[in-house]
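The following exercises are intended for a reader who meets this structure for the first time. Please attempt each task before consulting its worked solution.

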Amino acid sequence: TYAVLGNHDHWAAPDATGKALRDAGLHLLCDDTDALSVGGNTINIAGHDYPWGKRQKHLSPQPGDALNIVLSHTADNIYRVSRTPADLMFCGHYHAGQIRAPFIGPIVVPSIYGRRFDHGHFVVHDTHLFVASGVGAAAPPVRIYCQPDIFVVDVIEETEILPSHGV
């Protein structure tokens with residue numbers, strides 16, 4: 001289980017929050033990449049907490065046959081991340097706007113891109129971006145017409161599909 005810090009973590013007590021996460025058994029990634037071997041395949045998981053970390057972060061997803069996953073607190077990093085070999089990026093931060101109007105969507109999204117990446121699945125260049133609304137709420141501590149969610153994404157190895165020859 002992996003985690004990255006977000007804005008509230010950095011504003012309050014990043015060292016204490018990081019220690020609590022590690023003590024709970026989570027792998028905290030702050031400008032780090034961890035390589036996993038799963039079924040003979042390599043999965044690189046990178047953590048990206050820019051802009052709240054202490055310095056500009058430099059991602060290190062590795063080119064090649066590995067699956068490169070980036071965890072970022074905010075989707076505002078997608079254009080930077082999409083210029084790396086990242087295949088998938090998971091984030092939250094926006095709480096899907098927290099207060100949504102029927103047929104309109106979120107009233108306010110704290111993003112430099114406005115409502116563009118408020119919630120859902122997007123593809124930017126070749127990077128798949130997943131923005132969850134999460135289960136909590138920031139200020140104000142309410143959700144209106146905004147269901148909490150957690151994404152479950154199945155990653156399936158790509159295989160060659162051969163044309164069928166038959167009747």
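**Exercise 1.** Determine how β5 is joined to strand β6, and which residue of β6 stands opposite Val70.

*Solution.* The model is a predicted one.
Step 1. Strand β6 covers residues 88-91, and 3 bridges join β5 to β6.
Step 2. The two strands run parallel.
Step 3. The residue of β6 that stands opposite Val70 is Met89.

**Exercise 2.** Identify the bridges between β5 and strand β4, and establish whether the residues of β5 are buried or exposed.

*Solution.*
Step 1. Strand β4, residues 41-48, runs parallel to β5, and 6 bridges join them. Within this pairing, Ile45 has Ile69 of β5 as its bridge partner.
Step 2. The criterion for a buried residue is a relative accessible area under 20%. In β5, residues 67-72, 6 of the 6 residues are buried, so the strand is largely enclosed by the rest of the structure.
Step 3. The side chains can be sorted by direction: Leu67, Ile69 and Leu71 point one way, whereas Asn68, Val70 and Ser72 point the other way, and all are buried.

**Exercise 3.** Give the order of the strands in the open sheet, and state which strands stand at its edges.

*Solution.*
Step 1. The sheet has 6 strands in the order β3-β4-β5-β6-β10-β9, and its pairing is mixed.
Step 2. β3 and β9 each have a single partner strand and stand at the edges, so one side of each is left without a neighbour in the sheet.
Step 3. From one strand to the next, the twist averages 20°.
Step 4. At the β3 edge, β3 pairs with β4 in the antiparallel sense over 6 bridges. Asp34 stands opposite Ile45 of β4, and Ile45 also has Ile69 in β5 as a bridge partner.
Step 5. As background, the strands of a sheet pair through backbone hydrogen bonds, in either a parallel or an antiparallel sense.

**Exercise 4.** Describe the covered and uncovered faces of strand β9 and the way β9 pairs with β10.

*Solution.*
Step 1. Strand β9 comprises residues 120-124; Gly120, Phe122 and Val124 make up its covered face, while His121 and Val123 make up the uncovered one.
Step 2. The pairing with β10, residues 127-131, is antiparallel and extends over 5 bridges. Phe122, from the covered face of β9, has Leu129 of β10 as its bridge partner.
Step 3. β9 and β10 form a hairpin with 2 residues between them, and His125 in the turn has a positive phi of about 55°.

**Exercise 5.** For Asp31 and His93, find the phi value, the loop in which each residue lies, and whether each is buried or exposed.

*Solution.*
Step 1. Asp31 has a phi near 60°, a positive value in a residue other than glycine. Asp31 is located in the loop between β2 (27-28) and β3 (33-38).
Step 2. The relative accessibility of Asp31 is 17%, so Asp31 counts as buried.
Step 3. His93 has a phi near 65°, again a positive value in a residue other than glycine. The loop between β6 and β7 (100-101) contains His93.
Step 4. With 14% relative accessibility, His93 counts as buried.

**Exercise 6.** Describe the surroundings of Ser133: its position, its accessibility and its contacts.

*Solution.*
Step 1. Ser133 belongs to the segment after β10.
Step 2. Its relative accessible area is 2%, so Ser133 is buried.
Step 3. The side chain of Ser133 reaches the backbone oxygen of Gln147 at 2.9 Å.
Step 4. Apart from neighbours within four places in sequence, the residues in contact with Ser133 include His95, Ala96, His119 and Arg143, as well as Pro148 and Asp149.

**Exercise 7.** State where His27 is placed, whether it is buried or partly exposed, and which residues it contacts.

*Solution.*
Step 1. His27 is placed in strand β2.
Step 2. With a relative accessible area of 41%, His27 is partly exposed.
Step 3. When neighbours within four places in sequence are left aside, His27 is in contact with Thr1, Tyr2 and Ala3.

**Exercise 8.** State how many helices and strands the protein has, and what percentage of its residues count as buried.

*Solution.*
Step 1. The protein has 3 helices and 10 strands.
Step 2. Of its 167 residues, 38% count as buried.

Technical notes:
Residues numbered from 1 in each chain as written. Predicted model: local features only at pLDDT ≥ 70, side-chain atom pairs only at ≥ 80, totals over all residues. Heavy atoms only, no water. Buried < 20%, exposed > 50% of the residue type's maximum accessible area, 1.4 Å probe, protein only. Helix = DSSP H or I, 4+ residues; strand = E, 2+ residues; numbered from the N terminus. Pairing = 2+ DSSP bridges. Contact = heavy atoms within 4.5 Å. Axes fitted to C-alpha atoms, helices over the stretch in contact; angles between N-to-C directions. Polar contact = N/O pair within 3.5 Å; in protein donor to acceptor, adjacent residues only side chain to side chain.
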